[in-house]
Protein chains: 2
Amino acid sequence: MAIETIKWVSGCARIIDQTKLPNKFEYIYCRDVATMWQAIKRLSVRGAPAIGVAAAFGVLLGIQKFKGQDKPKFLKLFNKTCDYLATSRPTAVNLFNMLNEMRAVVAENPKADVPALKKLLHKRAMEIFKEDQKVCRTMGDHGAKLIKNGMKALTVCNAGALATVDYGTALGVFYSAKRQGKKFSVYSCETRPLLQGARLTCWELLRQKINTTLICDNMAASLMAKGQVDIIFTGADRIASNGDTANKIGTYMLAVLARHHSIPFYIVAPRSTFDLKIKSGKQIPIEERKSDEVTHFAGVRIAAKGVKVYNPAFDVTPAKLITGIVTEHGIIHPPYVKNIYENLPTR
Amino acid sequence: MAIETIKWVSGCARIIDQTKLPNKFEYIYCRDVATMWQAIKRLSVRGAPAIGVAAAFGVLLGIQKFKGQDKPKFLKLFNKTCDYLATSRPTAVNLFNMLNEMRAVVAENPKADVPALKKLLHKRAMEIFKEDQKVCRTMGDHGAKLIKNGMKALTVCNAGALATVDYGTALGVFYSAKRQGKKFSVYSCETRPLLQGARLTCWELLRQKINTTLICDNMAASLMAKGQVDIIFTGADRIASNGDTANKIGTYMLAVLARHHSIPFYIVAPRSTFDLKIKSGKQIPIEERKSDEVTHFAGVRIAAKGVKVYNPAFDVTPAKLITGIVTEHGIIHPPYVKNIYENLPTR
């Protein structure tokens, strides 16, 4: 693939600065946890699975300069680091799930001393990194079964290599289908306000020579009415135990439109994006971001001065509008309340 | 109101250059028909009713330098001018309807000589201008009956003073309701790609001290799910005799979403936006515009290089999704096939 979104490189987390794509390809080298926190906050690294890996690497950055053997002091720093990273963004549950994975290392090794814990935490972070690579390829292969020759698929935001370590969730489905020699094309919604579809998804798909057409978000309905969309795949930021799914703002719109036009609508997300502790999407906190993301572009004002702005970064699609959820454990269908528990490991 | 979108000023059509708003308020002085054609084409003047008036003024610009009494020569120039203006944009029927009004002046006065025809055409253009002012206020008053205190309305694109001579269609409803002392608020969809909602509608509504909140187009569904939208008003570019309505891209999306959330969805448009010669929306030509409207903003590339773009400027909302059509002759309800004919004059 050769898109290495996030990678641990000699004591440093190297990430692609996605705020600069597609015009510039630049790395950010995070050498401390504050730099990683900022990178997550400002969306230099984004996409729920990538944020999960970034959080695990962030923990390593937070503890790696700790000297000595004082375990209470170490644990204090460790917990402070985890708590701090948890404040970077509220919606994608992978962030919290991966911090919990790191916390579990400490909880499950009560007798380990500081150097041993450091080693175990480093090992777990690297496992989280590798699991993402493996899980995305497995999900992609499951989802690719849904793609038939000649299909026109639609996606929103970026659920690709840039949203994971290097392969993607929804776009991973396209990569697997392409590898299998299937012929299909993809419509990419530009995804206002930060244009992850136009900037990132189109860039990724064109690199893989996938037939890609960019549309504005408000054009999807019209395409559907013309019979130009056969199937929809999106990623997810958090899936409740009943299947309600938070994802990039605009996803719910697509799900309603898909239902109106009888188009299958699939979520593609790993186990780490599920939040089995919550019963429904109503319990998912939705991040609201600053108004200047909507009122300005590249420093240029694009809206009338003084106007109020509503800028939620995500919306929640109710389970009843979702045809299936593609996971590394196979495709889960309704009734989700039953099938999510039966198909997914509880941790 | 003091927004004079288009005005005839001593032998010249003065228009507000809407491509510059809201950052700069500048007039364009059209002294020849080519300047007017360009102004329509590049959306310096836009909005179906305003384009209709611009076309009538364009005819005056085309013929005003004609010297002499040679009627065949004059008619050749007149017809050439009308045909030329008709090529500026394909969807808004007001353009063609107002050119037909001007042609009717010539047809209905076969004995008039060149100076008399020039005078009659000038008179008709000024009537078209004044009719728009009157008709918009009447429509606004009809539509304002639908606004109740505390309501949250939603609109898309700009169907305001800037889309007409000086009052608006959908926004005219808000101006009338405001004048009647009603309390309500408005969500404005930004309207990609050219952001007429963010740039023009917010600017207009804030000038009138109307409580306005800007959203990206893909946020409307989420607002509706939260019960934050009570009613939707949009303008129109062409309404077929069965009620199918072409309007700015994204309108059809709103209509489908409104139906899903049981929200009333109204079109506001004058008689001059109806095309009673066509049976359904399938016969409405939809303008596709250049890809750089989507891939670039203010000269900055915002999409991956080389990506294909689909950029339709309009979509068609089927009549069955429209709660009512507010016209200067009252609010027309389904069944439209019957009620449009019964409520509107045939010319």
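Contact here means heavy atoms within 4.5 Å. The model is predicted.

**Exercise 1.** State how many residues of each chain are in contact across the A–B interface, and how much area is buried there.

*Solution.* Step 1: on the side of chain B, 53 residues are in contact with 53 residues of chain A. Step 2: the size of an interface is often given as the accessible area lost when the parts come together. Step 3: between chain B and chain A this buried area is about 4,300 Å². Carbon and sulfur atoms give 68% of that area.

**Exercise 2.** List the polar interactions between the chains, then describe the side of chain B that touches chain A.

*Solution.* Step 1: two salt bridges are counted between chain B and chain A. One of them joins the side chains of E190(A) and R192(B), with N to O at 2.6 Å. Step 2: residue pairs in polar contact between the two chains number 22, both residues being at pLDDT 80 or more. Step 3: elements of chain B that each supply at least two residues to this side include α7 (196-207), β6 (211-215) and α9 (251-260). Step 4: by class, the residues of this side are 31 nonpolar, 13 polar and nine charged.

**Exercise 3.** Determine in which sense strand β6 (residues 211-215) of chain A pairs with β14(B).

*Solution.* Step 1: two bridges link these strands, and the sense is parallel. Step 2: T213(A) is found opposite K308(B), a residue of β14(B).

**Exercise 4.** Classify the ring pair F233(B) and Y266(B).

*Solution.* Step 1: over all chains there are 23 aromatic pairs. Step 2: for F233(B) and Y266(B) the ring centres are 5.8 Å apart and the planes are at 25 degrees, so the pair is stacked. Step 3: F233(B) belongs to strand β7 and Y266(B) to strand β10, so the pair ties together parts 33 residues apart in sequence.

How values were computed
Residues are numbered from 1 along each chain as its sequence is written. Chains are lettered from A and ligands numbered from 1 in the order in which they are written. This is a predicted model: local features need pLDDT of at least 70, side-chain atom pairs count only at pLDDT 80 or more; totals for chains, interfaces and linings use all residues. Side-chain values use heavy atoms; hydrogens and water are left out. Buried area is the accessible area (1.4 Å probe) that two parts lose on being put together, summed over both. A salt bridge is a side-chain nitrogen of Lys or Arg within 4 Å of a carboxyl oxygen of Asp or Glu. A polar contact is a pair of N or O atoms within 3.5 Å; within protein, one must be able to donate a hydrogen and the other to accept it, and residues adjacent in sequence count only if both atoms are side-chain atoms. Helices (H or I, at least four residues) and strands (E, at least two) are DSSP runs, numbered from the N terminus. Ala, Val, Leu, Ile, Met, Phe, Trp, Tyr, Cys and Pro count as nonpolar, Asp, Glu, Lys and Arg as charged, and the others, Gly among them, as polar. Two strands pair if DSSP finds at least two bridges between them. Rings of Phe, Tyr and Trp (its six-membered ring) pair if their centres lie within 6.5 Å; planes under 30 degrees apart count as stacked, over 60 as edge-to-face and the rest as tilted.
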